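Let's walk through this model together, one helix pair at a time. Please have the fold turned so that you can follow the helices as they come up.

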Amino acid sequence: MGLDNALYKFKLLTGFDDAQANKWIPVIRESLVYVKSLVDLDSLSEEEISCVEKSAGVYAFYQYAASLGGREASFSAGDLSVHFNNAFSYAKTLWESEYNKLSAFRGNSKFLFKRV
């Protein structure tokens, strides 16, 4: 189920169809392993694990956007002009937001009760 959730989120963000997204499955699998390593899965409900798995799709999108870095920002051919938006900046902001949301699933080790 984990790969399905991550793949769904990745396709949603990229707009890819099944054939295009399938080429990115190795990256999505690696993203899933990475994101799952950030949280304590044993203490999460199935619903929370599903959210974590979808976060892996966001991380895979971030990696996809980073791979577009070498692409020209725009080009022209005769009367036709094509401009790309900055997908990397968007993906980075999205991943940073998702990473912060994952902190709720990490078990807050920074908080400590002390006696006065």
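A useful term to begin with is handedness: a crossing is left-handed if the near helix is turned anticlockwise from the far one by less than a right angle, and right-handed if clockwise. Helices (H or I, at least four residues) and strands (E, at least two) are DSSP runs, numbered from the N terminus. With that in hand, helix 4 passes helix 5 in a left-handed crossing.

Some ground rules will help. This is a predicted model, in which local features need pLDDT of at least 70 and side-chain atom pairs count only at pLDDT 80 or more, while totals for chains, interfaces and linings use all residues. Residues are numbered from 1 along each chain as its sequence is written, and side-chain values use heavy atoms, with hydrogens and water left out.

Let's stay with helix 4 and helix 5, which pack at an angle of about 155° with their axes 8 Å apart. Axes here are lines fitted to C-alpha atoms, for helices over the stretch in contact, and angles run from 0 to 180 degrees between N-to-C directions. Angles under 35 degrees count as roughly parallel, over 145 as roughly antiparallel, 65 to 115 as roughly perpendicular and the rest as oblique. Helix 4 and helix 5 are therefore roughly antiparallel to each other. Where do the two meet? In contact (heavy atoms within 4.5 Å), helix 4 offers residues including Val52, Tyr59 and Phe61, and helix 5 residues including Ala91, Leu94 and Trp95.

Aromatic rings add a detail here. Rings of Phe, Tyr and Trp (its six-membered ring) pair if their centres lie within 6.5 Å; planes under 30 degrees apart count as stacked, over 60 as edge-to-face and the rest as tilted. By this rule there are twelve aromatic pairs. For Tyr62 and Phe88, the ring centres are 5.7 Å apart and the planes lie at 25°, so this pair is stacked. It links distant parts of the chain, with Tyr62 in helix 4 and Phe88 in helix 5 (residues 87-102), 26 residues apart.

Now turn to helix 1 (residues 2-14), which packs against helix 4 at about 45°, the axes 7 Å apart. The two are therefore oblique to each other, and their crossing is right-handed. Among the residues in this contact are Phe10 and Leu13 of helix 1, and Ala60 and Tyr64 of helix 4.

The axes of helix 3 (residues 25-37) and helix 4 (residues 46-67) come within 8 Å and cross at roughly 125°, which means that helix 3 is oblique to helix 4. Helix 3 passes helix 4 in a right-handed crossing. Leu32 and Tyr34 are among the helix 3 residues that take part, and Val52 and Tyr59 among those of helix 4.

How far can you trust each part? The mean pLDDT (the predictor's confidence in each residue, from 0 to 100) is 84, and 79% of residues reach 70 or more. Among the elements, helix 3 has the highest mean, 96, and strand 2 (residues 80-83) the lowest, 65. Over residues 109-114 the pLDDT is below 50, and this stretch has zero contacts in the model beyond near neighbours in sequence. Where pLDDT is low, the predicted coordinates should not be read in detail.
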